[in-house]
Amino acid sequence: KPNEFPENEYAANPALPFGQPESDKLRLFCFAHAGGNAAFFRAWRNLLKPEIEVVPVQYPGHENRRQESFATSMSELVEGLAASLRPALTGKFAFFGHSMGAVAAFELMRTLRRDKGPQPVALIASAARAPQFRLNHQPGPEPSREDLLAQVKTLGGLPGSTFSSVDLLEQLLPALQADTALYRRYCYLPEEPCDVSIVAMGGEQDPHVTEVHLEAWQEQTTQAFTLHRFAGGHFYLISDAEQVLSALKAALSRPSLSTAD
């Protein structure tokens, strides 16, 4: 909902609707799934502090950024995020991305590296196939509205009651359609593996992201790689919330990652 964000922060940096990060603790920038927004990670802000400062990221066209146009390609999205987030990427920080957000975080990390900018101390890729599965990718046709909603319902990303509310669906559809189109067209271009630890997470019941897809993230790093699987499906973050938060705290609690230089 629009009132979930502090109005006085919009002008400062709309990409960070909960405000600029303030602490010297490890900052965890969180990137949502297709159709999702920064509020998806709101509860984490209290559940992971004080050790970790959660910084949810807002995509253009979403919620408090509704006056902006949706990004139409992954490169457009990432270039915009790089420009918006660069001032906040100080001290020790990590990226967490769920589904489409994992690829956005990954490509943002590579964009920063190409620009000789700061790098995260860790990338946590959630419910997403490793990007190399999109090498030479040829996108399929755009799904109909009905097919798209059926896919979302299967993945469990929205409460069942949402699908019986025409007004609510009309509010959610523009962002969902724009993001899924962007993600569907994403094509991976090979580069050298990153010098950043990667943690891959996923649900054992996810119909689209298997253990093989998650293990392949190891090819994208020269540093440590860890795989965590949980009992739920594509949105295991909701069904297995307690276990997920424990795994995040463990992954990011090493002394070298917990405080800024």
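**Strand E5, the nonpolar core and side-chain pairs in a predicted model**

Both faces of strand E5 are covered: Ser-197, Val-199, Met-201 and Gly-203 on one side are buried, as are Ile-198, Ala-200 and Gly-202 on the other. The model described here is predicted. In a regular strand, side chains alternate between the two faces of the sheet. Strand E5 spans residues 197–203, and 7 of its 7 residues are buried. On the side of strand E4 (residues 122–126), E5 pairs in the parallel sense over 5 bridges. Within this pairing, Ile-124 stands opposite Val-199 of E5. Strand E5 also runs parallel to strand E6 (residues 225–230), to which 6 bridges join it. Here Gly-203 has Phe-230 of E6 as its bridge partner.

The largest nonpolar core comprises 69 residues, and the members that touch the most others are Phe-29, Phe-31, Trp-44, Met-74, Phe-95, Phe-96 and Trp-217. Helix H3 (residues 100–114) supplies the largest share of this core, with 9 residues. Another core, of 5 residues, lies apart from it and includes Leu-148, Leu-149, Val-152 and Leu-176. Such grouping may be set against a general tendency: in soluble globular proteins, nonpolar side chains tend to be buried together. The surroundings of Phe-29 illustrate the packing of the largest core. With neighbours within four places in sequence left aside, Phe-29 is in contact with Leu-16, Pro-21, Val-55, Val-57, Ala-88, Leu-89, Phe-93, Ala-94, Phe-95 and Phe-96. Of these contacts, Phe-95 and Phe-96 are themselves listed among the core members that touch the most others.

Aromatic pairs were examined next, and the count comes to 11. One of them is formed by Phe-40 and Phe-41, whose rings are edge-to-face at 5.2 Å centre to centre, with 90° between the planes. Phe-40 is partly exposed, with a relative accessible area of 27%, whereas Phe-41 is buried at 1%. Phe-41 also pairs with Phe-96; the ring centres are 5.9 Å apart and the planes stand at 80°, so this pair is edge-to-face. The pair links distant parts of the chain, with Phe-41 in the loop between strand E1 (26–31) and helix H1 (44–47) and Phe-96 in strand E3 (residues 93–98), 55 residues apart. Both Phe-41 and Phe-96 are buried. Ring pairs link these two residues with Phe-40, Trp-44 and Phe-235 into a cluster.

Side chains of opposite charge can pair when their charged atoms come close. The structure holds 7 salt bridges. In one of these, the side chains of Arg-65 and Glu-68 meet at 2.8 Å, N to O. Arg-65 is buried, with a relative accessible area of 8%, while Glu-68 is partly exposed at 28%. A further salt bridge joins Glu-191 and Arg-114 at 2.4 Å, N to O. Glu-191 lies in the loop between helix H5 (166–184) and E5, and Arg-114 lies in helix H3, so the pair ties together parts that are 77 residues apart in sequence. Both partners count as partly exposed, Glu-191 at 29% relative accessibility and Arg-114 at 44%.

Glu-142 forms a salt bridge with Arg-184, the closest N and O atoms being 2.8 Å apart. This pair, too, links distant parts of the chain: Glu-142 is in the loop between E4 and helix H4 (145–155), and Arg-184 is in helix H5, 42 residues apart. Glu-142 is partly exposed, with a relative accessible area of 47%, whereas Arg-184 is buried at 16%. Elsewhere, Arg-113, Arg-114 and Glu-191 are joined into one network by salt bridges that share partners. Arg-184 itself, placed in helix H5, has further contacts beyond its salt-bridge partner. Leaving aside neighbours within four places in sequence, Arg-184 is in contact with Arg-134, His-137, Pro-139, Gly-140, Pro-141, Glu-142 and Pro-143.

With respect to covalent links between cysteines, the structure holds 0 disulfides. Cys-30 is buried at 0% relative accessibility, whereas Cys-187 is partly exposed, with a relative accessible area of 33%.

Definitions and conventions: Residues are numbered from 1 along each chain as its sequence is written. This is a predicted model: local features need pLDDT of at least 70, side-chain atom pairs count only at pLDDT 80 or more; totals for chains, interfaces and linings use all residues. Side-chain values use heavy atoms; hydrogens and water are left out. A nonpolar core is a set of buried Ala, Val, Leu, Ile, Met, Phe, Trp, Tyr and Cys residues joined through side-chain atoms within 4.5 Å. Buried means under 20% relative accessible area, exposed over 50%, partly exposed in between (1.4 Å probe, protein chains only). Helices (H or I, at least four residues) and strands (E, at least two) are DSSP runs, numbered from the N terminus. Contact means heavy atoms within 4.5 Å. Two strands pair if DSSP finds at least two bridges between them. A salt bridge is a side-chain nitrogen of Lys or Arg within 4 Å of a carboxyl oxygen of Asp or Glu. A disulfide is a pair of cysteine sulfur atoms within 2.5 Å. Rings of Phe, Tyr and Trp (its six-membered ring) pair if their centres lie within 6.5 Å; planes under 30 degrees apart count as stacked, over 60 as edge-to-face and the rest as tilted.
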